[in-house]
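Reader: I'd like a close look at the empty space in this one, pockets first. Could you walk me through what lines it, and then add anything odd you spot on the outside?

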Amino acid sequence: MKQYLKLFDFSQKVNYKTEVLSGLTVAIALVPEAVAFAFIAGLSPLVGLYAAFVMGLVTSIFGGRPGMISGATGAVAVVIVTLANSHGVEYIFATVVLAGIIQALAGTLRLGTLMRLVPLPVVYGFVNGLAIIIFMSQLDQFKDPSGNWLTGNALYIILGLVVLTMLIIWGLPKITKAFPASLAAILVVFGIVVAFGIDTKTVGDIASIKGGFPPFHIPEIPFTLETLMLIFPYAAIVAGVGLIESLLTLELIDEITETRGRTNKEAVAQGVANIASGLFSGMGGCAMLGQSLINISNGARARLSGIVASVALLIFIMFGAPLIEKLPMAALTGLMIMVAIGTFEWVSFKVLDKYPKSDIIVMVIVILVTVFLHNLALAVLIGVIISALVYAWGNAKRIRARKRIDEKGIKHYEIYGPLFFGSIKMFNEKFDVLNDPKEVIIDFRESRIVDMSAIEAVNKLTERYHKVDKKVYITNLSSASHKLLIKADKMINVNVLE
């Protein structure tokens, strides 16, 4: 009989066994990832491991998405590597603290809801690009220390172990879901390697993970305006990258679990976690899509799994390093490849012939920027900008005008579609100022004035009619459009019929 606990989310039932076992699996998978990202940033492995522990613990307790896993990430590592090489680790700690403050402020100001502005093609591009990155990063395990591809027995051994891991993760859930398939795969492959004395790459071959409890440490940097000007750009990018990756991961997990996370609460938690990470000798980070999907696919839905993962990781660092360092990298590689396969939105291929071409182009661009630049924030920003421009162009082409002259000889222009900066040119082309009668009514019942460019366009059109001694009246304005005209009353000369 399943045992259930209620932890923090009192309306939610928590499967204790599933949460603990899934947390242990995630902790094992976090080790090589955190070490690898620390190397990318040019830092000590422990700096990455400490960040994974602190980020994971704080966000699991206080975050807005139970079941989501945070830790040291490649997106953050790519941002801070230049600063690490030029100024050292103390400046990294300070940058992470400042980034956390920015994130916490963003959450407090409720800016997390801006994620609703990210279109679906951008989300697909982000997820697919990240899946490709996860897969490509695993290919390094098939190379020797010199960077050459493995050949012969070495290749066959690691390939066989990877395939075995993937088969267990794929097949075990079809037989039973009583035990997490990913943890079972790691244990089986580890047992085979030990039993048969197979010589293959292990976690210890990457780096030692042995250490103590993360030391509290105030960054030793000059507290001057010059230092602030130096680290602020890096901190702002880290904050932006972290929030974008975290909140997009949150939305993806919302979709999988058919539940709803809290974006602003998660933003505050990410900020607090980064502040704590910088003060406890960590490189900072954000939500990790791969580890989060491992956790969710194992059946974890509550905060307990993330707490267990973080605490287990700390135990590995302090007491279990000799054992964890013997785990074969092949098992973790197979696990991460299955994560990449599960992460990829395969449905995006099915809709290629159904989506507008502009959406497909946006998705491909986001994928390419993510894969080749490893800059998730830039990829999402570019995608949102292109989507917005496409939307503006589409609306600009939709503006139309139906024309008629009533029994009094007054010409009516009935406008359809929004009037804004993008549709002004087509709006002006609808009017025949010289040949129109003495009185003209522009009807905005099916349109609305959106911005100041539109107000100025209406004003200039009115002036064109006045120059040829003709009168123009505006009618049927929406309340929002009317307010805009009232605010601009001293700058424009427009006759509005109530």
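Author: Let's start with the second largest pocket, where helix 6 (152-175), helix 7 (181-196), helix 11 and helix 13 each put at least two residues into the lining. Helix 13 is the top contributor there, with six residues. Keep in mind that this is a predicted model. The volume of this second largest pocket comes to about 600 Å³. It has 25 lining residues, and the ones closest to the centre are Ile 169, Leu 293, Ile 294, Ser 297 and Asn 298. Sort the lining by class and you get 16 nonpolar, seven polar and two charged residues.

Now for the largest pocket, at about 890 Å³. Its lining is made of 33 residues, with Glu 33, Ala 36, Phe 37, Ile 40 and Ser 137 the closest to the centre. Six helices give two or more residues each to this lining: helix 1 (16-40), helix 3 (74-87), helix 5 (120-138), helix 8 (203-206), helix 11 (289-297) and helix 13 (329-343). You'll recognise helix 11 and helix 13 from that list, as they also supply the lining of the second largest pocket. By class, the lining of the largest pocket splits into 19 nonpolar, nine polar and five charged residues.

What about closed-off space? Just one cavity of 30 Å³ or more turns up in the structure, and it holds about 40 Å³ of space. Around it you'll find Thr 59, Ser 60, Arg 65, Pro 66, Gly 67, Met 68, Ile 69, Asn 295, Ala 302, Arg 303, Ser 305 and Gly 306. Two helices, helix 2 (45-62) and helix 12 (303-324), each bring at least two residues to that lining. Helix 12 gives the most, namely three. The class count for the cavity lining reads four nonpolar, six polar and two charged.

On to the outside. There's a nonpolar surface patch of about 600 Å², and its members are Ile 101, Leu 105, Leu 109, Leu 111, Leu 114 and Leu 117. Take Ile 101, which sits in helix 4 (residues 89-108). Its relative accessibility is 39%, so Ile 101 counts as partly exposed.

Arg 110 deserves a look too, for its backbone. You'll find Arg 110 in the loop between helix 4 and helix 5. Its phi is near 60 degrees, which is a positive value in a residue other than glycine. That catches the eye because most residues other than glycine have a negative phi. Arg 110 has a relative accessible area of 56%, so it is classed as exposed.

Asn 476 is another case of the kind, with a positive phi near 55 degrees in a residue that isn't glycine. Look for Asn 476 in the loop between strand 8 (471-475) and helix 19 (479-487). Here the relative accessibility is 27%, and Asn 476 therefore counts as partly exposed.

If you want one thing to look at again, go back to helix 13: it gives two or more residues to the lining of the largest pocket, and it gives the most to the lining of the second largest pocket.

Key: Residues are numbered from 1 along each chain as its sequence is written. This is a predicted model: local features need pLDDT of at least 70, side-chain atom pairs count only at pLDDT 80 or more; totals for chains, interfaces and linings use all residues. Side-chain values use heavy atoms; hydrogens and water are left out. On a 1 Å grid over the protein atoms alone, a cavity is a set of points where a 1.4 Å probe fits but cannot get out, and a pocket is an open set with protein on both sides within 12 Å along at least five of seven lines; lining residues have an atom within 4 Å of a point. Grid points are joined across faces, edges and corners, and a volume is the space filled by probe spheres set on the points. Helices (H or I, at least four residues) and strands (E, at least two) are DSSP runs, numbered from the N terminus. Ala, Val, Leu, Ile, Met, Phe, Trp, Tyr, Cys and Pro count as nonpolar, Asp, Glu, Lys and Arg as charged, and the others, Gly among them, as polar. Patches are made of residues with over 30% relative accessible area and no salt bridge: like charges are joined within 9 Å, nonpolar side chains (Val, Leu, Ile, Met, Phe, Trp, Tyr) within 5 Å. Accessible areas come from the Shrake-Rupley method with a 1.4 Å probe; for residues, only the protein chains shown count as cover. A salt bridge is a side-chain nitrogen of Lys or Arg within 4 Å of a carboxyl oxygen of Asp or Glu. Buried means under 20% relative accessible area, exposed over 50%, partly exposed in between (1.4 Å probe, protein chains only).
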